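Good morning, colleagues. Please turn to the sequence and the structure on the screen, and I shall then take you through the arrangement of its parts.

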Amino acid sequence: MAKYSASPLYSVASGIEFSADGTYETEVAEEIALLDSLAPTWIKREDPEEPVKPAPKPRKAANTSAK
């Protein structure tokens, strides 16, 4: 969970809109990355920053067929 503050009703082109009191919370990694890229210029992150873990990549199956 990441908490941010900005001007009331501030919005980001991707559809993120801050509330009337200027806050926004999210657990979506893509939104966190976008909002972190805007901080501290336009917004402020209110919670201690935690590293965002990317989704695990699918593993390729090992080639176990014998010839």
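**Strands, core and salt bridges**

Let me begin with one pair of residues: Ser-5 stands opposite Lys-44 in S3. Please bear in mind throughout that this is a predicted model.

The pair I have just named belongs to the pairing between S1 and strand S3, residues 44–45, which is antiparallel and extends over 2 bridges. S1 also pairs with S2, again in the antiparallel sense, and here there are 4 bridges. Within that second pairing, Lys-3 is the residue opposite Glu-25 in S2.

Let me turn to the interior. Which residues make up the largest nonpolar core? There are 11 of them: Ala-2, Tyr-4, Ala-6, Val-12, Ile-16, Phe-18, Tyr-24, Ile-32, Leu-35, Leu-38 and Ile-43. At least two residues of this core come from S1, and at least two from helix H1, which spans 29–38. H1 provides the largest share, namely 3 residues.

Ile-43 is a useful member of the core to follow. Neighbours within four places in sequence aside, Ile-43 is in contact with Tyr-4, Ser-5, Ala-6, Tyr-10, Phe-18, Leu-35 and Leu-38. Ser-5, which we met opposite Lys-44, is thus also one of the contacts of Ile-43.

I come next to Thr-26, a residue of strand S2, which covers residues 23–26. Is Thr-26 buried or exposed? Its relative accessible area is 5%, under the 20% limit, and Thr-26 is therefore buried. Its side chain makes a polar contact of 2.6 Å with the side chain of Glu-31. Beyond four places in sequence, Thr-26 touches Met-1, Ala-2, Tyr-4, Glu-31 and Ile-32. Among these, Ala-2, Tyr-4 and Ile-32 are listed in the core.

Ala-29, in helix H1, offers another view of this part of the chain. With a relative accessible area of 31%, Ala-29 is partly exposed. Its C-alpha atom is separated by 9.3 Å from that of Met-1, although the two residues are 28 apart along the chain.

The loop between strand S1, residues 2–5, and S2 contains Glu-17. Outside a range of four places in sequence, Glu-17 touches Leu-9, Tyr-10, Ser-11 and Tyr-24. From Glu-17 to Ala-6, 11 residues apart along the chain, the C-alpha separation is 9.9 Å.

Finally, the charged residues. Side chains of opposite charge can pair when their charged atoms come close. How many salt bridges are there in this model? The count comes to 2. One joins Arg-45 to Asp-36, with 2.9 Å between the closest N and O atoms. The other is formed by Asp-47 and Arg-45, where the closest N and O atoms are also 2.9 Å apart. Why does Arg-45 count as buried, whereas Asp-36 counts as partly exposed? Arg-45 is buried because its relative accessibility, 15%, is under 20%. Asp-36 has 22%, which lies between 20% and 50%, and so counts as partly exposed. Asp-47, at 14%, is buried by this limit. Through their shared partners, the salt bridges join Asp-36, Arg-45 and Asp-47 into one network.

To close, I return to two points. S1 pairs in the antiparallel sense with S2 and with S3. H1, for its part, gives the core its largest share. Thank you for your attention.

Definitions and conventions
Residues are numbered from 1 along each chain as its sequence is written. This is a predicted model: local features need pLDDT of at least 70, side-chain atom pairs count only at pLDDT 80 or more; totals for chains, interfaces and linings use all residues. Side-chain values use heavy atoms; hydrogens and water are left out. A salt bridge is a side-chain nitrogen of Lys or Arg within 4 Å of a carboxyl oxygen of Asp or Glu. Buried means under 20% relative accessible area, exposed over 50%, partly exposed in between (1.4 Å probe, protein chains only). A polar contact is a pair of N or O atoms within 3.5 Å; within protein, one must be able to donate a hydrogen and the other to accept it, and residues adjacent in sequence count only if both atoms are side-chain atoms. Contact means heavy atoms within 4.5 Å. Two strands pair if DSSP finds at least two bridges between them. A nonpolar core is a set of buried Ala, Val, Leu, Ile, Met, Phe, Trp, Tyr and Cys residues joined through side-chain atoms within 4.5 Å.
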